[in-house]
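Biologist: I've got the structure open and a few labels I'd like explained. Can we go through them together?

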Amino acid sequence: MRDPRVEQLAKVLVGHSIKAKPGEKVLIIGAAETSPLIKETYRQVLRAGAHPILQVGLAELDKIFFDEASDEQLQDIEVMEWLYHRADAVIRILGGANNKELTGVDPQKLTARRRATAKLSEYLMKGGARWVLTMFPTQAQAQDAEMSLEEYEDFVFSATNVDYAEMERSMKQAAERFDRANKVRIVGKETDLTVDIAGRKGIVCAGEHNVPDGEIFYSPNHLLTEGHIYYDWPTVYNGREISGIRLVFEKGRVTRASAEKGEDALLAALDTDEGARYLGELGIGMNFGITRPTKDILFDEKIGGSVHLALGRAYEEAGGGNQSAIHWDMVKNLKDGGEIYLDGELVQKDGKWLF
């Protein structure tokens, strides 16, 4: 039996996010475990009069690739580049059989592949094709979130299947207040960090590129970040869980870094290129319907009462700035003693807005 929530999510992706039009080519990418959503998305693309193109992956192929690939093969993205450049829109569906599949892979090989595939992300970010990223609930994601599959399905669909037009209206007030500020100071557990957004305008995100959504983000003036931050919520990067991250910024650059778990992966990512040690994004979580972290950045970065700061590439649509092959979001919980100041004025305390 078809789950009506899956059909509703597919309608959001095709009708709201990419707004598929007759005659367009839509690339749908996902693992076999996400097949229910792939099928419904395929159906909605056809109903829109567009032409679906499928790229469906199988479990363990990524592990085989990294175990066996030569340096030349790690760099080869010719076929995917060809597909991206011929698509009018790209729908990428996350979810798989094993989120820890790449835990034992050499971080240097993962970094090399990320450098190569960065061209694909850059093409989309610069407007090469419309795109959206979403999650289909699988057993692997449910286990990471420490929920049963049924509980996790309820969690996912309650976050994705919302009224994005209403969400956008509700976020604009906060965006206007941040747009008037020059300095954003973030204070919390082992954290006192100042980020410069002078002259920058926030991007209000309401389901166009991420589903679920609910954030305002800025490309900061990356040479002016000062202070230190501690991330008490874990993150997963290249299949590795990394937790207890501590970063120190001086003149914008990460000069000291450590992690309680996965420190080798953190340091490898920071050494990807020079831009990997500078901020590319400051994001403010605005989806108060997502109440807890699940080690999935697509959800965690949207949590109301949190901020996320991404090391690496800045988004051109928010003013650009830092350049890097990576873009790694790390989420800071502010709901327990955290504060946000705009040009010295306290505007959020314990995750609650004061204006």
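Biologist: How do you know that strand β16 and β17 pair, and in which sense?

Modeller: Keep in mind that this is a predicted model. Two strands count as a pair if there are at least two bridges between them. Strand β16 (residues 306-312) and β17 have seven bridges, so they qualify, and the sense is antiparallel. One of the partnerships is G312 with H327 in β17.

Biologist: Where do those two sit in the sheet?

Modeller: The sheet is open and has five strands, in the order β7-β9-β15-β16-β17, with antiparallel pairing. From one strand to the next, the twist averages 25°.

Biologist: What makes β7 and β17 edge strands?

Modeller: β7 (203-205) and β17 (327-333) each have a single partner strand, so one side of each has no neighbour in the sheet.

Biologist: And which strands does helix α9 lie across?

Modeller: Helix α9 (residues 164-179) lies across β7, β9 (215-218) and β15 (279-285), and runs at about 30° to β9.

Biologist: Switching topic, which residues form the nonpolar patch on the surface?

Modeller: Y42, L46, L54 and V56, with about 330 Å² of accessible area together. At least two of the patch residues come from each of α2 (35-47) and β2 (51-57).

Biologist: L46 lies in helix α2. Why is L46 called partly exposed?

Modeller: Buried means under 20% relative accessible area and exposed means over 50%. L46 has 46%, which falls in between, so L46 is partly exposed. Patch residues need over 30%, and L46 with its 46% clears that cut-off too.

Note on methods
Residues numbered from 1 in each chain as written. Predicted model: local features only at pLDDT ≥ 70, side-chain atom pairs only at ≥ 80, totals over all residues. Heavy atoms only, no water. Patch = residues over 30% accessible without salt bridge, like charges linked within 9 Å, V, L, I, M, F, W, Y side chains within 5 Å. Areas by Shrake-Rupley, 256 points an atom, 1.4 Å probe, with all protein chains shown as cover. Salt bridge = Lys/Arg side-chain N within 4 Å of Asp/Glu carboxyl O. Helix = DSSP H or I, 4+ residues; strand = E, 2+ residues; numbered from the N terminus. Buried < 20%, exposed > 50% of the residue type's maximum accessible area, 1.4 Å probe, protein only. Axes fitted to C-alpha atoms, helices over the stretch in contact; angles between N-to-C directions. Contact = heavy atoms within 4.5 Å.
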